[in-house]
Amino acid sequence: MLIREFYYEEARQICNLPGPFSSAQLTNYKFVIRDSLKNLKRIAAALVIFLSAASVLGCGANGAGGAQIAMKDYQFAPQTIHARVGETARFVVKNNDAVAHTFTVKELGVNQNIPARGQAVIEFQTPTQGVFQYVCLPHPNMRGTIEVEP
Ligand SMILES: [Cu+2]
């Protein structure tokens with residue numbers, strides 16, 4: 001395995017993204033570092049590759065990565081989100097309203113309070129394929145669906 005592929009794999013796993021990447025996908029990214037560099041340079045280069053991989057994959061160093069879901073005017077946005085079956089879904093849910101909401105998926109055992117003007121990172125398992133509803137418990141008209149796909 002090339003060193004760049006190794007670090008892409010590391011970043012991918014930390015970000016809980018589907019994969020592994022094919023070499024064809026990897027060649028879509030530009031690398032300035034050649035595989036013939038000496039070991040010391042490789043270590044520094046590998047760190048650069050790792051950070052750029054994490055950046056490309058949308059996983060920030062602050063750990064706040066994940067698809068965004070907004071709560072605004074007593075509605076979720078978007079109202080359809082996607083996850084991959086058998087993996088850990090990760091969403092950053094941001095409440096723009098002046099009241100608390102919840103992000104609740106009863107079938108998946110998710111029930112997270114999001115304080116007014118606050119946000120939460122929500123992670124949960126998606127063991128089965130299907131369409132699941134998420135709601136805000138105090139405001140039943142706030143709802144959306146998660147499509148868990150193969
Ligand atoms: Cu609510």
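In what sense do S3 and S9 pair, and over how many bridges? S3 and S9 run parallel to each other, with five bridges between them. This is a predicted model, and the legends below take it one close-up at a time.

**View 1. Isoleucine 81 meets isoleucine 146 where S3 pairs with S9.** Look for isoleucine 81 and you'll find its bridge partner, isoleucine 146, in S9. The pairing here is parallel and counts five bridges. Isoleucine 146 also has company from elsewhere: setting aside neighbours within four places in sequence, its contacts are Ile81, Ala83, Val105, Phe132 and Tyr134.

**View 2. S8 and S9 make a hairpin.** Just two residues sit between the two strands of this hairpin. S8 and S9 pair in the antiparallel sense, and seven bridges hold the count. One of the pairs to pick out is cysteine 136 with histidine 139, its bridge partner in S9.

**View 3. Phenylalanine 132 sits in strand S8.** Is phenylalanine 132 buried or exposed? Neither label quite fits: phenylalanine 132 is partly exposed, because 18 other C-beta atoms lie within 10 Å, and buried would take 20 or more. Leaving out neighbours within four places in sequence, phenylalanine 132 is in contact with Val105, Glu107, Leu108, Thr145, Ile146 and Val148. Take valine 148 from that list: 16 residues separate it from phenylalanine 132 along the chain, yet their C-alpha atoms are 7.8 Å apart.

**View 4. The largest nonpolar core has 15 residues.** Which residues have the most contacts inside this core? Those are Val93 and Ile146. At least two core residues come from each of S1, strand S4 (88-95), strand S5 (101-105), strand S8 (130-136) and strand S9 (139-149).

**View 5. Four strands form an open sheet with mixed pairing.** Reading across, the order is S2-S1-S4-S7. The edges are strand S2 (75-77) and strand S7 (119-125), each of which pairs on one side only. From one strand to the next, the twist averages 25 degrees. At the S2 end of the sheet, strand S1 (residues 67-72) pairs with S2 in the antiparallel sense over three bridges. Lysine 72 is a handy marker here, standing opposite glutamine 75 in S2.

**View 6. Two residues with positive phi share the loop between S1 and S2.** Most residues other than glycine have a negative phi. Aspartate 73, in the loop between S1 and S2, goes the other way with phi near 55 degrees. Tyrosine 74 lies in that loop too, and its phi is positive as well, at about 60 degrees. What about their surroundings? Aspartate 73 is exposed, because 9 other C-beta atoms lie within 10 Å and the exposed class covers 12 or fewer. Tyrosine 74 has 13 other C-beta atoms within 10 Å, so it counts as partly exposed.

**View 7. A cis peptide bond joins alanine 77 and proline 78.** Most peptide bonds are trans. Here, though, omega is about 0 degrees. Where is proline 78 found? Proline 78 is in the loop between S2 and strand S3 (80-84). Alanine 77 falls at the end of edge strand S2 (75-77).

Conventions. Residues numbered from 1 in each chain as written. Predicted model: local features only at pLDDT ≥ 70, side-chain atom pairs only at ≥ 80, totals over all residues. Pairing = 2+ DSSP bridges. Axes fitted to C-alpha atoms, helices over the stretch in contact; angles between N-to-C directions. Core = buried A, V, L, I, M, F, W, Y, C linked by C-beta atoms within 7 Å. Contact = placed C-beta atoms within 7 Å.
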